[in-house]
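Me: I've got a protein model open and I'm not sure how to read it. Can you take me through some of its features?

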Amino acid sequence: MTHLRAPGGRLDCRTSPGPGPTLLTVPDDEDACDAETVAACLAESAARLIRQKVPGLLVVTGGDTALALLGVLDATLVTVRGEFEAGVVHACIRVQERTVPLITKAGGFGGPELFTDLLSWTGFTAGPSK
């Protein structure tokens, strides 16, 4: 798994997604902007990576970030498939003529093992972070 850090939601434009799962996070940053700006910047950064390599699964945390990303990607269809657990929704979206599975997690939901459980449920495996 490739772990990319995007301070303030901004990712270096030369960054490319890794060969397997890519985790894009915003580190705690004392210089961070307001949450709406961070969500918009993170959505732009994620969209740039997705345009380079459409993922087999997209997991997004935070409702503001999910809405911003769907808008930036110009997702044409969202089909809700069900709920993994409270606050964690499984859906599909259309991106670049492909149907991409999407998992969204609302803020404040999920226990400490949530992402490990999600990886198991989806069949992805986590390797060392870069």
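Me: Let's start with charge on the surface. Which residues form the negative surface patch?

Reply: This is a predicted model, so keep that in mind throughout. For a patch, the idea is to look for like charges that are joined within 9 Å, on residues with over 30% relative accessible area and no salt bridge. Here the negative patch is made by Glu-83, Glu-85, Glu-113 and Asp-117.

Me: Take Asp-117. Where is it found, and why does it count as partly exposed?

Reply: Asp-117 sits in helix α3, which covers residues 114-122. Partly exposed is the band between buried, under 20%, and exposed, over 50%. Asp-117 has a relative accessible area of 38%, so it goes in that middle band.

Me: OK, now opposite charges. What should I look for?

Reply: Side chains of opposite charge can pair when their charged atoms come close. To call it a salt bridge, we want a side-chain nitrogen of Lys or Arg within 4 Å of a carboxyl oxygen of Asp or Glu.

Me: How many salt bridges does that rule give?

Reply: The count is 2. One of them joins Arg-14 to Asp-12, with 2.5 Å between the closest N and O atoms. Arg-14 is exposed, at 68% relative accessibility, and Asp-12 is partly exposed, at 35%.

Me: And which residue pairs with Arg-94?

Reply: Glu-97 does, and there the closest N and O atoms are 4.0 Å apart. Arg-94 is partly exposed because its relative accessible area is 26%, while Glu-97 counts as exposed at 70%.

Me: Let's turn to the backbone. What is the phi of Glu-97?

Reply: Phi is one of the backbone angles you can read off for a residue. Glu-97 has a positive phi of about 65°, although it isn't a glycine. Look for Glu-97 in the loop between β5 and β6, where β6 is residues 98-105.

Me: What about Asp-74: what is its phi, and is it buried or exposed?

Reply: Asp-74 has a phi near 55°, again a positive value in a residue other than glycine. Asp-74 is in the loop between α2 (63-73) and β4 (78-85), and at 57% relative accessibility it is exposed.

Me: Now something hidden. Why does Ser-45 count as buried?

Reply: The cut-off for buried is under 20% relative accessible area. Ser-45 has 4% relative accessibility, so it is buried. You'll find Ser-45 in helix α1, residues 35-52.

Me: Which backbone atom lies 3.1 Å from a polar atom of its side chain?

Reply: That's the backbone nitrogen of Leu-11. For a polar contact, the N or O atoms of a pair have to be within 3.5 Å.

Me: Last topic: how do I compare distance along the chain with distance in space?

Reply: Pick two residues, count along the chain, then check how far apart their C-alpha atoms are. Leu-58 and Leu-23 are 35 residues apart along the chain, and their C-alpha atoms are separated by 9.8 Å. Leu-58 lies in strand β3, residues 58-61, and is buried at 11% relative accessibility.

Me: And how far from Arg-5 is the C-alpha atom of Val-89?

Reply: The C-alpha atoms of Val-89 and Arg-5 are 24 Å apart, with those positions 84 residues apart along the chain. Val-89 is in strand β5, residues 88-95, and is partly exposed, with a relative accessible area of 25%.

Key: Residues numbered from 1 in each chain as written. Predicted model: local features only at pLDDT ≥ 70, side-chain atom pairs only at ≥ 80, totals over all residues. Heavy atoms only, no water. Patch = residues over 30% accessible without salt bridge, like charges linked within 9 Å, V, L, I, M, F, W, Y side chains within 5 Å. Areas by Shrake-Rupley, 256 points an atom, 1.4 Å probe, with all protein chains shown as cover. Lys, Arg positive; Asp, Glu negative; His and termini not counted. Charge placed at Lys NZ, Arg CZ, Asp CG, Glu CD. Helix = DSSP H or I, 4+ residues; strand = E, 2+ residues; numbered from the N terminus. Buried < 20%, exposed > 50% of the residue type's maximum accessible area, 1.4 Å probe, protein only. Polar contact = N/O pair within 3.5 Å; in protein donor to acceptor, adjacent residues only side chain to side chain.
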